[in-house]
Amino acid sequence: MKLSDKDIKILSGVSQVAAVFTLIVAVTMILGLIQLKVVNPLDSPSLALIKEQYDRDPSEKNIAEEVRAMDLLARRAYFSSRWQVETGSYLLIAGALIFVLTRRLIAGSEKPEPAFASEKPDIISQKKKYRVYLISAATIITVIAIISSFVLRGSLPETGVKIREAGQNTKEVKNAGTDALMAGSTNFPFFRGEGSRGIAGGTGYPVEWNGNDGKNIKWKIPVPGHGKNSPVIWGNKLFLTGIRAGTLEVYCIDKIKGEIIWTASASDFPGASKEIPDSDPEAGMAVPTAAVNGEVVCAIFGNGNLVCFDFDGKRLWAKNIGVPKSAYGYAASLLIYDKILIVQYDSDAKIAIKGFDLSSGDQKWETPRTGRPVWASPVLASLDGQTQVIINGNPNVSSYDPETGAELWSQPGLSGDVAPSPAVNSRFVYVVTDYAKLMALKPGKTGSEVWSDNTFTPDASSPVANDQFLFLTTGAGDAACYNAEKGDTLWSHVFDNPFYASPIICDDKLWMLDRSGIMYVASASGKFTLLAESPLGESSDSSPAFSDGRIYLRGKDNLYCIAKD
Amino acid sequence: MANKIFLFRNNFRVLKKYIPYLLVAVFLIWHSVIFAQERQQQQRFPRPEFESGYQTPTHQLLNQRGPMWEYADVAVLIAALSLTSWFAIKKRSRKGILWMSVFSLAYFGFYRQGCICSVGSVQNISLALFNNNYSVPLSAILFFIIPLIFALLYGRVFCAGVCPLGAIQELTGFRPVRIHKSVEAVLASIPFIYLGLSVLFAATQSQFIICRYDPFVGIFRLNAPFTMIIFGVLLLVAGIFVNRPYCRYLCPYGALQNIFSRFSGKHLTITPAECTNCRLCEECCPYDAILPSDDLKKTEPKEITRKRFILYLVLIPIMTIAGAILLYNLSPALSAVNSNVRLAREIRLEKEKGVPALSKSAAAFKESGKTEEQLFSEESVILGRFRKGTPWVGMFLGLSLGAGLFSMTIRKTRTEYKPDQGKCFSCGKCFEYCPIESKISK
């Protein structure tokens, strides 16, 4: 068919328009696809903001409606983008079809003209050329393959080699970590010791005692007030808190002689709350453990009374930080970092982390937290070269800068009634709660869950970890040991009674105190070896304290000092 | 009136030329409309996640296509191959081959939606050969073998008019641009590499890459990943100028056809009678698949020819061994194609270097309760398979290269212009350039 010049011109124009159209559609689709791949509709900042508002105040129905509406909007926008890409594929095919047809029509009007070179090709030189081309192509491909084999191998570790390297790395980390997790032998300043990490220093602790016949019981004194908090120690002074006849009290005890040096009230300062908020009947008002440094001791109680005394019992400051109200009462213990007292505040109305000036009591910072109240305590850890306060929250595990209160990172954690405090070692953070699971998290903004297991889940007792093992005891009477790095269960053992007190690692041993007051001492290793079983003769839910070869246990009514005779 | 009839007849004769293209356009539009209607019904809000414990009913899958239909496909394949061979060799009809392309595109492409296809069957066969647990469907075996038998008998008639991938490109390639021979040499080696890797990945139960990266299945089905639809359309547009780009520079089954066709007993010829060496067809093949006549008048000193012959003969085993070593060395990198190996490496990187494993498969693995030891041992098993398979693939590639180079040292007397039996797609484009053909037709 011989088309007229005019027809060819028109067809040519149409084909050019179709070509441009096809290219534009293709580029738009590619960009659309990239967007679809990269953008998650539910990551919209406005949606996240409104969700955050909802988390702070779940009772607000309008916000809930707004969340639903925005969620729907985000999803619609996403599916609309998908629809656009799908429609684009039809347009793309249509554009290509028009282009092909018009070009075919134009080409069809031209009779193929045979064209040949004036001289016949020289077969010898032609073959020579082909050989050169083929060898060059093979060389290029081989070079690319060799380079790839090295480059790709570098980024994708090979099984055997890397496992050996990993072993070396682990050793290095372990050495570094052991230093970071070392604890002093005298001071036991917070709930579960230094940093609240559950690791105590010193050696020569007795493993056998009997509260009934007095074996290895150095002294025993009644604690004036009721409380579930644990002893904290600095130098020769041991501190406890309790409630006696409606008065909240702090006790300073001579750890050698077993005498109460002074008792101070935490109920009689101006602005003190007299309110006794609802709490678990077993727990009461004096669940949080006090915190001590070489100069002051601070304590907090279930009604939000926060007090600070010097070592002579002189009140330095006191204030009420708001009466916390939650299902089981207030439970978070205190931490001291440098000159700052760290308070994890959990109430149905508000959850936050606060920093107070240790000498004046002035609030230096407050960082609101999202989620629901928990009954766990904060932990002070050194991770990635930075000191951090870690909170096992619901639903996030979060980390804060103890100096400024700034949130360092937050990762999805657990839900439900979260009471066990986190465990940390030099690499991971471990969180657990009953009816949920045990999780090992790689800390940091880019961190995530490393492993998890739901076989053994404590409801009150906190886990403890070193770089090799993670130990925990549960409300069902189980004790278990995990490979801290991989999460494999190395051993488990069922004891007769449940555990509320948190296990402590000290002197290469694992110290587990059950609710009946029996201390089980096992080797802190990957193999279960029970070394001793020592009854206190009194029930206990408080965690033990270790100092200078002596173990301090708070029973239901008495404080015990256990040392070798 | 007579004038009008003449004009109509004249126009019809002209239009007849475009009927195959118009038919393809109609197929595509009809197919798109049907598909769009189905799709419209699927455009619903995604299934909600019920918290009330409501159990979503199990998805009902459509019944599989009956085995009789599979045999019908095989029968259609044999019929199409036979007809195309007849058109290419006996009838010498470019038009007939073109119509076969339209039929194959309609049947194997749009109707059967590109599956089953001989190109992809390479993987089924490879998987079956190295895995006792996989039972390869008989139809897949037949789709793999029959076109190769036809290639041995009549050349690449499958590529000419039966393969839907070839057909769609054949119909859109009409403005050929000749590629420089050096570029052609590099690109023409890719199908062999692609073939080797496809067999390796299928045999190690890692991936069916031919199906995954089939550029035209997206057009046949209109529900493939959009990236593949874009790739397919762009390849078609490029194919207007660089004809049959997929067949020439990618198709792994084409590499097999290339090898088998070299030994074909009866291949398409450019001229129906004795070649007059008029050279009119010399530049007409868009695939550079015409070998000129060689009367051996101009020769090299025998010593040089003999030395080169020996050198390239010795190079064959050297290249074969080098290929085996090279590919063996690449096995850890190549094994990353396997999803389990990638997952294991992701998990290991997280454990060793703290790089978070955020992929969906990592999340699924963590939820699955499967232990890391299991995963790592699977990785080792797969890596072991790669270590076994890669030397063979390397040997095949080295041998192909060595044999290809060696064949260039051999010179035979050729009195006529004839197709390069390995490269020739038997498309019949060269027929109309032959003056003898024109003379016989008239």
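Which residue takes a positive phi in the hairpin of β15(A) and β16(A)? The residue is A:Asp384, with phi near 50°, in a hairpin that has two residues between its strands. Before we follow that hairpin into its sheet, please keep in mind that this is a predicted model. Chain A averages a pLDDT of 85, and 92% of its residues score at least 70. The stretch to treat with care is residues 154-180 of chain A, where the pLDDT is below 50; beyond near neighbours in sequence, this stretch has 30 contacts in the model.

Let us return to the hairpin. Strand β15 (residues 379-383) of chain A runs antiparallel to β16(A), and five bridges join the two. Within this pairing, A:Ala381 stands opposite A:Gln388 of β16(A). On leaving β16(A), the chain passes through another hairpin, with three residues leading into β17(A). Here the strands are again antiparallel, and four bridges connect β16(A) to strand β17 (residues 396-400) of chain A. Two facing pairs help to fix the register by eye: A:Val389 stands opposite A:Tyr400, and A:Asn392 stands opposite A:Val397.

The loop between β16 and β17 of chain A deserves a second look, since A:Pro395 lies in it. The peptide bond that joins A:Asn394 and A:Pro395 is cis, with omega about 15°.

Zooming out, these strands belong to an open, antiparallel sheet of four, in the order β15-β16-β17-β18 (chain A). At its edges stand β15 and β18 (407-412) of chain A; each has a single partner strand, so one side of each is left without a neighbour in the sheet. On average, neighbouring strands of this sheet are turned by 30° against each other, direction ignored. What about the surroundings of β16(A)? Of the seven residues in strand β16 (residues 386-392) of chain A, five are buried, so the strand is largely enclosed by the rest of the structure.

Chain A holds another open sheet of four strands, with antiparallel pairing and the order β7-β8-β9-β10. Its edge strands are β7 (291-292) and β10 (315-320) of chain A, each of which pairs on one side only. Two bridges link β7(A) with strand β8 (residues 296-300) of chain A, and the two run antiparallel. In this pairing A:Val292 stands opposite A:Val297 of β8(A).

Now turn to chain B, whose secondary structure comes to 20 helices and two strands. Chain B has 442 residues, of which 45% count as buried. How much of its contact network links residues 24 or more positions apart? Among contacts in chain B with a separation of 6 or more, such pairs account for 82%.

Two residues of chain B invite a look at their backbone. B:Asn277 is not a glycine, yet it has a positive phi of about 55°. B:Arg279, also a residue other than glycine, has a positive phi near 70°. B:Asn277 sits in the loop between α15 (252-261) and β1 (290-291) of chain B, and B:Arg279 is found in the loop between α15 and β1 of chain B. Are these residues buried or exposed? B:Asn277 is partly exposed, with 15 other C-beta atoms within 10 Å, and B:Arg279 counts as partly exposed with 17 C-beta neighbours inside 10 Å.

Next comes the place where the chains meet. The contact takes 63 residues from chain B and 64 residues from chain A. On the chain B side, α2 (19-42), α9 (181-188), α13 (226-239), α16 (302-334), α17 (339-353) and α19 (372-407) each supply at least two residues. By class, that side has 34 nonpolar, ten polar and 19 charged residues.

Finally, consider how the nonpolar residues gather. In soluble globular proteins, nonpolar side chains tend to be buried together. The largest nonpolar core here has 124 residues, and those with the most contacts inside it are A:Leu92, A:Ala96 and B:Val233. The element that gives the most to this core is α19(B), with ten residues. Leaving aside neighbours within four places in sequence, A:Ala96 is in contact with A:Thr22, B:Val233, B:Leu236 and B:Val237. Apart from this core lies another, of 122 residues, including A:Ile351, A:Leu441, A:Trp451 and A:Ala501.

Conventions
Residues are numbered from 1 along each chain as its sequence is written. Chains are lettered from A and ligands numbered from 1 in the order in which they are written. This is a predicted model: local features need pLDDT of at least 70, side-chain atom pairs count only at pLDDT 80 or more; totals for chains, interfaces and linings use all residues. pLDDT is the predictor's confidence in each residue, from 0 to 100. Two residues are in contact if their C-beta atoms, placed from the backbone, lie within 7 Å. Ala, Val, Leu, Ile, Met, Phe, Trp, Tyr, Cys and Pro count as nonpolar, Asp, Glu, Lys and Arg as charged, and the others, Gly among them, as polar. Two strands pair if DSSP finds at least two bridges between them. A residue is buried if 20 or more other C-beta atoms lie within 10 Å of its own, exposed if 12 or fewer, and partly exposed in between; C-beta atoms are placed from the backbone. Axes are lines fitted to C-alpha atoms, for helices over the stretch in contact, and angles run from 0 to 180 degrees between N-to-C directions. A nonpolar core is a set of buried Ala, Val, Leu, Ile, Met, Phe, Trp, Tyr and Cys residues joined through C-beta atoms within 7 Å.
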